[in-house]
Amino acid sequence: MSQYIERYQRRKLISSYFSVALSIALVLFLLGVLGLLVLNTKKLADHFKEQITISVFLKDNAKPVEIDQLQKSLMLAEYTKSAEYISKEDAAEQYSEDIGENFEEFLGYNPLKNSIDVNLKADFVSPQQIDEIAKELVAKAYVDEVSYDKPLISLLNNNARKISLWILIASAVFTIIAVLLINSSIRLSIYSKRFIIKTMQMVGATKTFIRRPFIWTNIKLGMVGAVVALVGLGVLVYYIDKNFPELNLLQDYIVLIILFVGVFGLGVIISWASTHFATQRFLNLRTDDLYY
């Protein structure tokens with residue numbers, strides 16, 4: 001009978017430890033995902049900004065040497081990420097594919113112009129800077145016009161700032177929720193041992209002596225939960241980098257180190273603080289209050 005009770009108590013203890021470690025792991029994983037988003041907010045915004053295309057349309061009388069010089073000068077410009085020359089024939093072919101019919105046969109001629117599509121670096125994607133670049137290009141005699149989606153650029157910049165602000169607010173809220181969830185799991189675990197805590201106190205054990213094994217146990221559980229969360233986070237980072245290589249997540253070692261150390265440290269700190277205050281609460285209770 002005693003062996004059965006002992007096995008039951010051991011299974012109950014293991015189940016309690018498992019649930020605490022699992023809850024810590026899930027909460028830390030969600031925090032890690034949010035942290036990954038926070039640390040890469042600018043990179044994501046820059047990625048979308050660099051998809052904005054400025055089309056430099058050339059006059060029909062533009063000489064090949066002038067076009068070549070313009071493309072090379074654009075490639076060397078500090079604001080250029082890429083510059084691709086598109087002939088009027090290639091543009092017509094692409095447009096015909098998009099609309100599903102050959103518009104040249106209907107019109108009898110090709111109304112499109114030769115152009116150079118320019119993608120700017122993210123730091124230069126703002127209405128004011130693009131206006132200056134456009135004015136500089138239009139001033140050239142062989143450039144007909146410079147076309148870009150000005151409302152889209154303004155909208156993109158405004159939304160990037162708003163999204164960054166809301167992500168920071170969400171991060172703060174989720175951090176508080178994470179602390180409360182981990183704290184609740186640890187408090188429930190310690191609640192089941194409240195009579196043991198009070199018995200040790202009644203036989204003369206100091207508060208520090210009573211707290212120490214609980215703190216070390218839950219710190220170890222916090223470390224286990226953090227490791228599990230980091231494994232899941234590592235798999236997620238690898239998946240994102242595999243499917244969106246342009247973000248270069250795995251190449252940004254400093255950000256990943258900060259994120260992983262932060263998640264692990266948070267797991268340890270929250271576990272320590274929650275255990276300390278939970279045990280302190282039961283140590284300060286009167287014996288009669290333990291039954292409520």
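A polar contact here is a pair of N or O atoms within 3.5 Å; within protein, one must be able to donate a hydrogen and the other to accept it.

**Figure 1. The start of helix H7 in a predicted model.** With that cut-off in hand, look at Asp149: one of its side-chain oxygens comes to within 3.2 Å of the backbone nitrogen of Leu152, right at the start of H7. Lys150 is next door, and its side chain meets that of Asp131 in a salt bridge, 3.3 Å from N to O. Lys150 sits in helix H7 and Asp131 in helix H6 (residues 127–138), so this pair ties together parts that are 19 residues apart in sequence. Both partners are partly exposed: Lys150 has a relative accessible area of 38%, and Asp131 has 23%.

**Figure 2. Helix H7 from end to end.** H7 covers residues 150–191. Its 42 residues reach 61 Å from the first C-alpha to the last, close to the 62 Å you'd expect at 1.5 Å a residue. Quite a list of H7 residues is buried, including Ile153, Asn157, Ala160, Ile167, Ser171 and Ala178. Further along the list come Ile182, Asn183, Ser185, Ile186, Ser189 and Ile190. So polar side chains such as Asn157 and Ser171 are among the buried ones too, where buried means under 20% relative accessible area.

**Figure 3. A nonpolar patch at the surface.** Which residues make this patch of about 680 Å²? They are Leu165, Trp166, Ile169, Val173, Phe174, Ile177 and Leu181. Trp166 has its place in helix H7. It counts as exposed because its relative accessibility is 57%, and the cut-off for exposed is over 50%. As a rule, an α-helix has 3.6 residues a turn, so residues three or four places apart point the same way. For context, the unreviewed UniProt entry lists residues 163–186 as one of its transmembrane regions.

**Figure 4. A salt bridge inside helix H3.** Asp68 and Lys72 pair up here, with their closest N and O atoms 3.3 Å apart. Why are they about one helical turn apart? Because they are four residues apart in helix H3 (residues 64–76). The two ends differ in exposure class: Asp68 is partly exposed at 34% relative accessibility, while Lys72 is exposed at 52%.

**Figure 5. A salt bridge between distant parts of the chain.** Glu50 and Lys81 form this one, and their closest N and O atoms are 3.5 Å apart. Glu50 is in the loop between helix H2 (41–49) and strand S1 (53–58), whereas Lys81 belongs to strand S2 (residues 80–86), which puts the partners 31 residues apart. Lys81 is partly exposed, at a relative accessible area of 48%. In the whole structure there are three salt bridges.

**Figure 6. Two segments that UniProt lists as transmembrane.** The unreviewed entry gives residues 20–39, 163–186, 221–241 and 253–273 this label; the close-up shows the last two. Over residues 221–241 the chain is 100% helix and 0% strand, with the end C-alpha atoms 30 Å apart. Residues 253–273 are likewise 100% helix and 0% strand, and their end C-alpha atoms are also 30 Å apart. Zooming back out, the protein chain comes to ten helices and four strands, and buried residues make up 38% of its 292 residues.

How values were computed: Residues numbered from 1 in each chain as written. Predicted model: local features only at pLDDT ≥ 70, side-chain atom pairs only at ≥ 80, totals over all residues. Heavy atoms only, no water. UniProt positions renumbered as here; feature names shortened; annotations may be inferred. Helix = DSSP H or I, 4+ residues; strand = E, 2+ residues; numbered from the N terminus. Patch = residues over 30% accessible without salt bridge, like charges linked within 9 Å, V, L, I, M, F, W, Y side chains within 5 Å. Areas by Shrake-Rupley, 256 points an atom, 1.4 Å probe, with all protein chains shown as cover. Salt bridge = Lys/Arg side-chain N within 4 Å of Asp/Glu carboxyl O. Buried < 20%, exposed > 50% of the residue type's maximum accessible area, 1.4 Å probe, protein only. Expected span 1.5 Å × (residues − 1).
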